[in-house]
Amino acid sequence: MLLDKNLLVFTGHPGEGKTAMAANLALEGGTKQEHCVKLECASDWKDVDWSLRCFTTVIIDDIFGWFIS
């Protein structure tokens, strides 16, 4: 999926290392830290100036929270 769509989705329980894995893959893949943005809540979307087009990697970290149904 990464090669075809430029997208990865990590799923799992809290504390299993999904965010750390995403960050490590991005940095090992050549993404510079200043070209990576991490969104942690829905309101973060409006705080980013997407017109700058300076981000090559976007990490969406549990942006909608988690719940048990």
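Begin by selecting strand E1, which has two faces: Val-37 and Leu-39 form the covered one, and Cys-36 and Lys-38 form the uncovered one. The coordinates on display are those of a predicted model.

**The partner of E1**

Next, add strand E2 to the selection. E1 and E2 run parallel and are joined by four bridges. To see how the two strands are placed against each other, display Lys-38, a residue on the uncovered face of E1; opposite Lys-38 stands Ile-59 in E2.

**The whole chain**

Now zoom out and colour the protein chain by secondary structure. Three helices and two strands should appear. Followed from the N terminus, these elements come in the order α-α-β-α-β. A surface display may be added at this point: the chain exposes about 5,900 Å², and 57% of that area is supplied by carbon and sulfur atoms. Of the 69 residues in the chain, 14% are buried. Contacts may also be viewed by their separation in sequence: among those between residues at least 6 apart, 15% join residues at least 24 apart.

**Thr-31, ahead of E1**

Return to the strands and select Thr-31, in the loop that lies between helix H2 (18-28) and strand E1 (36-39). Is Thr-31 buried or exposed? Its relative accessible area is 15%, and Thr-31 therefore counts as buried, the limit being under 20%.

Show the surroundings of Thr-31 as sticks. Apart from residues up to four places away in sequence, Thr-31 touches Ala-26, Cys-36, Thr-56 and Thr-57. One of these, Cys-36, has already been met on the uncovered face of E1. With which side chain does the side chain of Thr-31 make a polar contact? The partner is the side chain of Thr-57, at 2.9 Å.

**Thr-56, ahead of E2**

Move from Thr-31 to Thr-56, which is among the residues that Thr-31 touches. Thr-56 sits in the loop between helix H3 (44-47) and strand E2 (57-60). A C-alpha to C-alpha distance drawn from Thr-56 to Thr-31 should read 6.9 Å, although 25 residues separate the two in sequence.

Which residues does Thr-56 contact, once its neighbours within four places in sequence are set aside? They are Thr-31 and His-35. The relative accessible area of Thr-56 is 59%; Thr-56 is therefore classed as exposed, since the limit is over 50%.

**Final view**

Keep both loop residues on screen to close the tour: Thr-31 is buried, whereas Thr-56 is exposed.

Definitions and conventions. Residues numbered from 1 in each chain as written. Predicted model: local features only at pLDDT ≥ 70, side-chain atom pairs only at ≥ 80, totals over all residues. Heavy atoms only, no water. Buried < 20%, exposed > 50% of the residue type's maximum accessible area, 1.4 Å probe, protein only. Contact = heavy atoms within 4.5 Å. Polar contact = N/O pair within 3.5 Å; in protein donor to acceptor, adjacent residues only side chain to side chain. Pairing = 2+ DSSP bridges. Areas by Shrake-Rupley, 256 points an atom, 1.4 Å probe, with all protein chains shown as cover.
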